[in-house]
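Colleague: Please take a close look at the largest cavity in this structure and describe its lining, together with the protein chain around it.

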Amino acid sequence: CMQLVGVSTVLTASALVDRIKDQGVDIKAVECEWVMLDQLAKQFSKKEKLIALAKSYLGWGELERAKIQDTAVVLFTSGSESRPKAVPLHHANFLANMRDYNRFFFFRDDDRILGMLPPFHSFGLAGGTILPLCMGIRVVYHSNPTEGAILSSLVSRYRATLIFATPTFINGMLAGGRTGDLESIRILVTGAEKCPEYLYGKIGEAYP
């Protein structure tokens with residue numbers, strides 16, 4: 001996949017790389033530059049951070065002058081039928097998604113998204129990453145969407161109000177969580193698979 005799209009640099013974190021190594025994967029076999037963001041962050045001085053903060057408030061001149069390609073991201077199919085296929089998504093695709101979200105949902109200043117879906121899927125990338133970045137919405141992340149009990153407890157702890165998830169993961173949260181864990185949720189968006197009727201019923205019973 002990396003050779004297909006010409007990837008030369010990987011931005012990642014030391015903890016993830018260590019976990020991959022523990023699984024017996026030799027990352028040196030991948031011919032590219034590995035940049036550990038957690039290590040890179042330590043190299044910025046307080047002065048540089050303050051300058052960057054000031055720039056974020058003073059203007060968008062540098063971004064307006066930047067030459068940006070049409071393609072924002074390349075996702076890959078699962079490869080269940082043949083080799084994974086590269087699917088390019090443009091900035092316009094994501095901006096259209098953001099306009100749709102903004103059209104159908106009224107976002108509030110106190111909203112918090114529970115981010116659980118992997119970013120290698122367009123639904124997870126749009127709802128869990130692009131949306132909070134574009135709309136300035138706070139987000140709470142958990143890396144494993146199958147851990148329903150933990151996800152439910154995170155909703156309760158951080159008073160999350162928005163969830164973007166598959167019906168399977170939502171069902172896991174309802175089954176594994178405690179009564180009242182999800183009471184702060186005001187918008188629940190499902191996708192990637194058909195939502196069964198029984199799940200609508202379970203949500204209605206738990207949160208009428």
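Modeller: Helices and strands are here DSSP runs, of at least four residues for helices and at least two for strands, and they are numbered from the N terminus. The model is a predicted one. In these terms, strand S5 (112-115) and helix H7 (122-135) each contribute at least two residues to the lining of the largest cavity. The lining consists of Ile113, Leu114, Gly115, Met116, Leu117, Gly124, Gly127, Gly128 and Phe164. The space enclosed there amounts to about 50 Å³, and the structure holds one cavity of 30 Å³ or more. As to the principle behind such a search, rolling a probe the size of a water molecule over the atoms shows where empty space is left.

The surrounding chain may be described next. The protein chain comprises 10 helices and eight strands, and its C-alpha trace spans about 50 × 45 × 30 Å along the principal axes. Of its 208 residues, 28% count as buried. Where contacts join residues at least 6 apart in sequence, 66% of them link residues at least 24 apart.

The surface and the charges complete the description. About 14500 Å² of the protein chain is exposed, and carbon and sulfur atoms supply 56% of that area. The protein chain carries 23 positive and 21 negative charges, and the mean positions of these two sets are 4 Å apart.

Key. Residues numbered from 1 in each chain as written. Predicted model: local features only at pLDDT ≥ 70, side-chain atom pairs only at ≥ 80, totals over all residues. Heavy atoms only, no water. Buried < 20%, exposed > 50% of the residue type's maximum accessible area, 1.4 Å probe, protein only. Contact = heavy atoms within 4.5 Å. Areas by Shrake-Rupley, 256 points an atom, 1.4 Å probe, with all protein chains shown as cover. Lys, Arg positive; Asp, Glu negative; His and termini not counted. Charge placed at Lys NZ, Arg CZ, Asp CG, Glu CD. 1 Å grid on protein atoms, 1.4 Å probe; cavity = no way out; pocket = protein on both sides within 12 Å on 5 of 7 lines; lining within 4 Å. Points joined across faces, edges and corners; volume = space filled by probe spheres on them.
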